[in-house]
Each structure stands twice: as C-alpha cells, then as structure tokens.
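Visitor: Please take one part of this model and go over it closely. I would like to see how that part connects to what surrounds it.

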Amino acid sequence: MSSEEKQPLLEIKDLYKEYDKKMVLNDIQLQINKGEVIVVLGPSGCGKSTLLRCLNGLEPIQGGEIKLRGKSLSGKDVDWQKIRQHIGMVFQNYDLFPNMTVIENILLGPIKVQKRDKNQVLMQAKELLDRVGLLDRIDAYPRQLSGGQKQRIAIVRALCMNPEIMLFDEVTASLDPEMVREVLEVILGLAKQGMTMIIVTHEMAFAQAVADRIVFLDAGNICEIAEPQEFFTDPKTERAKQFLNIFQY
C-alpha cells in the first residue's frame, strides 16, 4: 500500500469556528478515508451544516486545520475555487439556474471552470442522468421539475465535476416525503460505487443503511463516533441516547 493510500483523504484537526465571538464548532477531530461514508447526526443548531461549509471553504475557520490528501487547506492563499472541484457539495435548495435547461446547468462548471471538452462532459452528463432516471428531462427547465428531480439534477451537476469527496447537507429537508426516497436511493447508489461522502441528515433509517461511521455532534462538539449498528443500538453517551429516543430508536 502506498503512502498516499495510507493517509486519510480528508483530515480535520482541532477545528474551531465561531460567529460573532460565539463558539459554533470546537476541537473537531476527524479523518475520512477514501471510499468511506460518514453521516453526521445531531440536534438542530449543533453545527452540522457549518462543519460542511467549513470543509468546502464557504465559511472561514478561526482555528485548527483541514487537509485534503495531506495538503493543508488553511491560509489565505488557498484557491477554494480549485479545491471545490475536488470537494463537491449539494445543498438543501438545489441552486439550479432557473433560466438554464438541465443540461446547461450541468455543463456550466465542467466547461467554464475546468475547461473540459464539451462532448466528453455531455457524454458523462447523459450517463449520470440516465443513472438517476432523468435522461428524458435533459432539455427541461427547473420550473418544470419536481423537488426530487431538481435535487437529483443538483447531484448530477456536482458529480460531473469529478470530485474526490461529496458533501450532502440535508438534501431531503425541503422535499415532500414521497420525493425523499428517490434522492436517498441515488446517494445509496453512490455509496455502493465507492464515493467518499460526508452526509448531514435527519433520516435515521437512511443513516443506518448508508454510513460506515456515525459522527454525533452536540453544541459544536463531537460527542461520539461509532459504527451505525453500535450507535443505534448501544450509544455510549447520555446525550446520544436522548437524541435517539426522540426518533424512538
């Protein structure tokens, strides 16, 4: 095994984040290996989404370090536009351009930012759209799509940038219940294909099915890290037990 294969794909050391001198994340320590799926759980306001935004450079950190493949992402000279090509992120609210078709939304980043060949990107986009069951919507506009369809398009758009790791921030939170399954099935498919992912969700059954490890956050601190079976059947901290009781686990 090479040294590159031994080192974590993403490493978080002593991460500290505050807003207006109020602590939001404190002493976050986490290593994510290639092909691993981490699910971050915790009550609302505990710092889950902020953690993902820090990992993608959307929020500055006030302490600690983030490393991708051993290279530090700290400091003012980090080219986050370039880094985000390796760390993809899908948000709650799709963020599709309403005046552009599905395929135009997907092609924009790979062609304009990565300067890739249009025909190659188009072929990849069609393959991904077919995989998520939306190839027939390739020329549709966002207003013509359901919430679940928009979220699947947002996932395809992120995947077309060929990221090394994907961050999913409550991607089913704004969907009607019947649309949740179609999005979660896409993410489960990515896990089976070996995509490295960090997922923030309130879908407990999904978390149990997809995760290699559960990271439980509370009040900005990691309270517990465990394999899903252990976390859901025998949590070690009282706070995790209280949290799971709400979901009747």
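**From a loop to the cores**

Guide: Arg-69 lies in the loop that links strand 4 to strand 5, and this is a convenient place to begin in what is a predicted model. The phi of Arg-69 is positive, near 55°, in a residue that is not glycine. With a relative accessibility of 35%, Arg-69 counts as partly exposed, because exposed requires over 50% and buried under 20%.

The two strands flanking this loop are partners. Strand 4, residues 63–68, pairs with strand 5 in the antiparallel sense, over 2 bridges. Leu-68 in strand 4 is opposite Lys-71 in strand 5. In general, the strands of a sheet pair through backbone hydrogen bonds, in parallel or antiparallel fashion. Here the sheet is open and has 4 strands in the order 2-1-4-5, with antiparallel pairing. Strand 2 (22–32) and strand 5 (71–72) are at its edges with a single partner strand each, so one side of each has no neighbour in the sheet.

Another loop, between strand 1 (10–19) and strand 2, holds Asp-20. Asp-20 also has a positive phi, about 50°, although it is not a glycine. At a relative accessibility of 81%, Asp-20 counts as exposed, since the cut-off for that class is over 50%.

Further along the chain is Trp-80, in helix 3, which covers residues 80–83. Its relative accessibility is 17%, which means that Trp-80 counts as buried, the limit being under 20%. Trp-80 touches Cys-54, Leu-55, Asn-56, Gly-57 and Leu-73, leaving aside residues up to four places away in sequence. Gly-57 is 23 residues from Trp-80 along the chain, and their C-alpha atoms are separated by 6.2 Å.

Strand 6, residues 87–90, is buried on both sides: Ile-87 and Met-89 point one way, Gly-88 and Val-90 the other, and all are buried. Strand 6 runs parallel to strand 7 (residues 165–169), and 4 bridges join the two. One of the bridge pairs is Ile-87 with Ile-165 of strand 7.

Next comes the nonpolar interior. The largest nonpolar core has 53 residues, and Leu-41 and Phe-168 touch the most other members. Helix 7 (residues 177–192) gives the most to this core, with 7 residues. Among the residues that Phe-168 touches, not counting those up to four places away in sequence, are Leu-52, Val-90, Ile-155, Ile-187 and Met-197. The contacts of Phe-168 also include Leu-190, Ile-198, Ile-199 and Val-200. A second core, separate from this one, has 30 residues, including Leu-73, Leu-167, Val-215 and Leu-217.

Helices 4 and 5 remain. By the expected rise of 1.5 Å a residue, the 12 residues of helix 4 should span 16 Å, and the end C-alpha atoms are 18 Å apart, which agrees. Buried residues of helix 4 include Val-102, Ile-103, Asn-105 and Ile-106, together with Leu-107, Gly-109 and Pro-110. Helix 5 and helix 6 are among the elements that cover them. Helix 4 is followed by Lys-115, with a positive phi near 60°.

The N-terminal end of helix 5 is capped by Asp-117, a side-chain oxygen of which lies 3.2 Å from the backbone nitrogen of Asn-119. Helix 5 runs over residues 118–131, has 14 residues, and reaches 20 Å from its first C-alpha to its last, close to the 20 Å expected at 1.5 Å a residue. An α-helix has 3.6 residues a turn, so residues three or four places apart point the same way. The buried residues of helix 5 are Val-121, Gln-124, Ala-125, Leu-128 and Leu-129. Seen down the helix axis, the buried residues of helix 5 fall within an arc of 135°, so they line one face of the helix. These buried residues pack against helix 4 (102–113) and helix 6 (147–159). On the other side of helix 5, Asn-119, Gln-120, Met-123, Glu-127 and Asp-130 are exposed. Just after helix 5, Gly-133 has a positive phi of about 75°.

How values were computed
Residues are numbered from 1 along each chain as its sequence is written. This is a predicted model: local features need pLDDT of at least 70, side-chain atom pairs count only at pLDDT 80 or more; totals for chains, interfaces and linings use all residues. Side-chain values use heavy atoms; hydrogens and water are left out. A nonpolar core is a set of buried Ala, Val, Leu, Ile, Met, Phe, Trp, Tyr and Cys residues joined through side-chain atoms within 4.5 Å. Buried means under 20% relative accessible area, exposed over 50%, partly exposed in between (1.4 Å probe, protein chains only). Contact means heavy atoms within 4.5 Å. The expected span of a helix is 1.5 Å times one less than its number of residues. The arc is that of the directions from the helix axis to the C-beta atoms. A polar contact is a pair of N or O atoms within 3.5 Å; within protein, one must be able to donate a hydrogen and the other to accept it, and residues adjacent in sequence count only if both atoms are side-chain atoms. Two strands pair if DSSP finds at least two bridges between them.
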